[in-house]
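Q: Hey, can you walk me through the cysteines in this one? I'm new to this, so plain words please.
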Amino acid sequence: MPRRTPLSQQFLRACQDEIDHGRLFLFAPVLLGAGIVLWFSLPHDPPLAFFGLLVPLLVLWAVLSVSGHRLAAALCMGASLLLAGMGLAALETRLFPTTLLDSPVTTQIEGVIERREAAGENRWRYIIKVHQTEKPRLSRPVERVAISVRSTAAPLPAGGWFSARVRLSPPSGPALPGLTDFGFSSFFDGIGAIGYVYGKVGISTRPLDLTVVERLQMGVFALRGRIGDRIRGLVQGDAGAFAAAIVTDERRAISRETLEALRLSGLAHIVAISGLNMALAAGICFVGLRTGLALIPRIAHALPIKKIAAMGALLMVSFYYLISGFGVSAERAYVMMAIMLMAVLADRPSISLHNLALAALFILIKSPSAVMGPSFQMSFAATAALVAGYTAWTSRTRDHGEKMPSTRSQSLIWAGLKAVWLLLAGTFLTSLIGGASTAIFSIAHFHQFTTFGLAANLAAMPLISFVIMPAALAGMIAMPFGLDAPFFAVMGYGLEWVIVIAKAVASWGGEVSFGRKHDLFLPLASAGFILLVLSKTGLRWIGIMVIVAALAVDRMAPAPKTPDLLISEDGSLLALLHDGKAYVNRPRPSDFLYRQWQSVHPIRETITPQKAELVRLGATDAKAPPAASAAETEEAADAPYRRAPLASEELQEARKVFALYFSRRDGPRFHCQTSLACLSVTGEGTRILALQDARYVGPACDEADLVVAPTSRLAACRSGAILITGEHLRRTGAVELSFTAVGRDRTSWSLTPSFTGETRPWQIHRAYSWRSGRDDNHVPPHLLRLINDNDG
């Protein structure tokens, strides 16, 4: 009986076989990306001397390679790539720092309009390179801001001077602890603040002191804006905004209703210029140009028409990338497509995992921070799975050729049936593989998965492939001659049907929420997926087992306790969670924020607040803020403004009213008086008071157990009540609170913050105090105790 080979030897042999098959190069971007992720995940920057280990590792790799120890050399190179990835992340952070705004402020800014984008009906979003601020002058001035303007006038041109009084806010942090930090992406996008305009915008045409590169960039963005305006002018409504998004990546003009339908139906990937759009555009151009040249026998026999077609497609996708606004997803798609087309020029296989690895290496070296985003991970996961599937299918077809019928009539019938079958099967398999490969990352990052996405993609992809993208390409070619209207009309009709499909599928429901996953879920599942897709030997089975292990770890881990109270990072939105219901203090919670709360916590029903008149506000109570162009937003309604101080009688009256309400204990539903406060009592008797008017913080501290007062300057309540202010939340980010089940006892409360004193470059703006002019990451003792009780 033959002796069984130990599993360790089988594993080493499989690794050696992978090296022999030349698959080691495919894992280079994986290891480089792992190093980048590791560096960005650290709580503090490691010392620079740490990167000195790279030199001895490379020397050791060279020695092992020369001596023939290929497996040991591969392990040494893997460690070098991990360290190199960390070095690339550190280098990007140091070379391209962005000053993020530390606190919300209303100020006068003056700067140059770098680009603009339609953001809905009569609304525009401008990226401004700030030259100066005044009234007040910012002590930590930001370099670039994104400003929303509502105006019926023509949009402002790129390259003009922008002057206006604006309300600026820092980029938002995580909606809840552990979720996406948008300040991270803003830091690497170079956007230091976001805001909107108060009053009118001043514009001048005085000369600009710009470099040649800056002038070229502005020219490209101006061209992009004109193309988007032209398409939206020819195709009205959401179909026109959708068409402009596919061509120029200006997505903000699409209505919320349509975007939500696309998201729920699994068709949101069509909106962004990604691998699908770029591949279709390049493929249509390549096939069309090659077919056209093949119809001319003299050219077909004398010239390499395949390479000519590839060069034409490369020029076309290069132009497509230029007018896309240089988005991250468009950049990845362009690099991948450019490498594939250049492979055709070099007589190499165009669709291969090696080309994909080259594209990934290019992106990781150029923009290491991109690997942290779900867009990068999902894009390359889908592409890798599709390329691996294509490679396996072509290998199977080559090894097991099908016997064709002999007669001509049978051949014609067979060819027709086979073409239809391949089209249907290809669409089905492409949608299935793409959806399955991105499921891990969708669940880990967004905590949701759309079960009917396959059906929506099967219905929409033929329209996109055979109607929408060909019409878009023809329209762009005809646009310089003014003959583009019919083509974009056809594109608009096709997109209207896509929107109909999206809304129909969205109405079926099918969106499954998974809540927070275990910390090991994404690393394990990603490692298993990579082994499954990139391996050629039995390591694929190990990949499947690792994915199963990731699911088992997440399933067997104790379910996290649902917190009792959620507080947004600006303190404006609170939600009491009880028995699958969320009692909120806002009649209309922010869709973007609240949807993230629903994705990680079991919220089946939302209970809005009940109106109440708690305290009669005096006539001199407030000086109304100036009218804002974005006055409908909650941020405008909550902008700070000066208020007259309260008399002692008014404070006494408020104290009595608060005490009277709390004594009723009529359930956890919030009772709110506009511009004053919202009050609630939990089932355990915890008294909560969300205060909009900071003048009442004294009575609130006396009567409540928890006071959330975003505009209060007090650091703590003398009464012992827990006070959470805007300054506190600026340091901690959004928080989750768990109360005790023993009456009003506050000693066993626990608080989970989004931030716990990290000092990474994209977080240090939270510690800066504009009053003292220095960094101050101090968290008051009463909150620090709650965080420490939670092992924070």
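A: Sure, one term to begin with: a disulfide is a pair of cysteine sulfur atoms within 2.5 Å. This is a predicted model, where local features need pLDDT of at least 70, side-chain atom pairs count only at pLDDT 80 or more, and totals for chains, interfaces and linings use all residues. Residues are numbered from 1 along each chain as its sequence is written, and side-chain values use heavy atoms, with hydrogens and water left out.

Q: Cool. How many disulfides does a search of the whole structure find?
A: Two.

Q: Which cysteine does Cys 701 pair with?
A: Cys 717, with an S to S distance of 1.9 Å. That link is left-handed, at -50° about the S-S bond. Cys 701 sits in helix α23 (residues 697-703) and Cys 717 in the loop between β16 (706-709) and β17 (722-725), so the bond ties together parts that are 16 residues apart in sequence. Helices (H or I, at least four residues) and strands (E, at least two) are DSSP runs, numbered from the N terminus.

Q: Are Cys 701 and Cys 717 buried or exposed?
A: Both are buried. Buried means under 20% relative accessible area, exposed over 50%, and partly exposed in between (1.4 Å probe, protein chains only).

Q: OK, and what does Cys 672 join to?
A: Cys 678, with S to S at 2.0 Å. The link of Cys 672 and Cys 678 is right-handed, with 120° about the S-S bond, and both cysteines are buried.

Q: What pattern do the disulfides follow?
A: It's 1-2, 3-4, counting bonded cysteines along the chain.

Q: Switching topic: what's the relative accessible area of Cys 76?
A: 7%, so Cys 76 is buried. Cys 285 is buried too, at 16%.
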